[in-house]
Amino acid sequence: MQSIITLPASSQALAFDGEPSDAELDAIEREMPLVLAERDLLDVEIALLDKPVTELDAQRLRRRRRRVLAACRDLTNRTAARSGGAA
């Protein structure tokens with residue numbers, strides 16, 4: 001049985017070290033508030049899966065949903081401001 005060895009098409013492929021670039025890290029940092037808000041919303045939704053929803057639980061859920069929407073709005077506005085367009 002012969003083994004097949006694939007070689008990169010260019011020397012640039014050899015330079016990839018598996019780590020995210022600075023631009024990718026900046027994008028992750030910009031999106032982190034939205035990611036955290038979505039995580040908090042998911043935590044509340046999981047907590048409410050197997051029990052009746054009280055008024056306090058409903059308020060917690062609404063508050064987390066508003067945080068997700070606000071984080072999404074802020075991210076969209078920052079992205080639009082960076083690109084020079086209007087949101």
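1. Is K51 buried, partly exposed or exposed? In this predicted model, K51 counts as partly exposed, because its relative accessibility is 39%, a value that falls between the 20% below which a residue is called buried and the 50% above which a residue is called exposed.

2. The partner of K51 is worth reading alongside it. D57 forms a salt bridge with K51, and the closest N and O atoms of the pair are 3.5 Å apart. D57 itself is found in helix α3, which covers residues 55-83, and D57 counts as buried because its relative accessibility is 5%, a value under the 20% limit. The pair therefore joins a buried residue, D57, to a partly exposed one, K51.

3. The surroundings of D57 can be described a little further. When neighbours within four places in sequence are left aside, D57 is in contact with L48, K51 and P52, and L48 is also one of the residues of the largest nonpolar core.

4. On charged pairs in general, side chains of opposite charge can pair when their charged atoms come close. A search of the whole structure finds five salt bridges, among them the one between D57 and K51. Another is formed by R39 with D40, where the closest N and O atoms are 3.2 Å apart; R39 counts as partly exposed at 45% relative accessibility, and D40 likewise counts as partly exposed, at 23%.

5. A further salt bridge brings together the side chains of R62 and E55, with an N to O distance of 3.6 Å. R62 counts as partly exposed, with a relative accessibility of 39%, whereas E55 counts as exposed because its relative accessibility is 56%, which is over the 50% limit. Salt bridges that share partners also join K51, D57 and R60 into one network.

6. Turning to the nonpolar residues, the largest nonpolar core consists of nine residues, namely L34, A37, L41, V44, L48, L61, V68, A71 and L75. The elements that give two or more residues to this core are α2, which covers residues 22-47, and α3, the helix in which D57 is also found.

7. One member of that core, L61, shows which residues it meets beyond its immediate sequence neighbours: with those within four places left aside, L61 is in contact with L41, V44, E45 and L48. L41, V44 and L48 are listed in the core together with L61, and L48 is in contact with D57 as well.

Terms used: Residues are numbered from 1 along each chain as its sequence is written. This is a predicted model: local features need pLDDT of at least 70, side-chain atom pairs count only at pLDDT 80 or more; totals for chains, interfaces and linings use all residues. Side-chain values use heavy atoms; hydrogens and water are left out. Helices (H or I, at least four residues) and strands (E, at least two) are DSSP runs, numbered from the N terminus. Contact means heavy atoms within 4.5 Å. A salt bridge is a side-chain nitrogen of Lys or Arg within 4 Å of a carboxyl oxygen of Asp or Glu. Buried means under 20% relative accessible area, exposed over 50%, partly exposed in between (1.4 Å probe, protein chains only). A nonpolar core is a set of buried Ala, Val, Leu, Ile, Met, Phe, Trp, Tyr and Cys residues joined through side-chain atoms within 4.5 Å.
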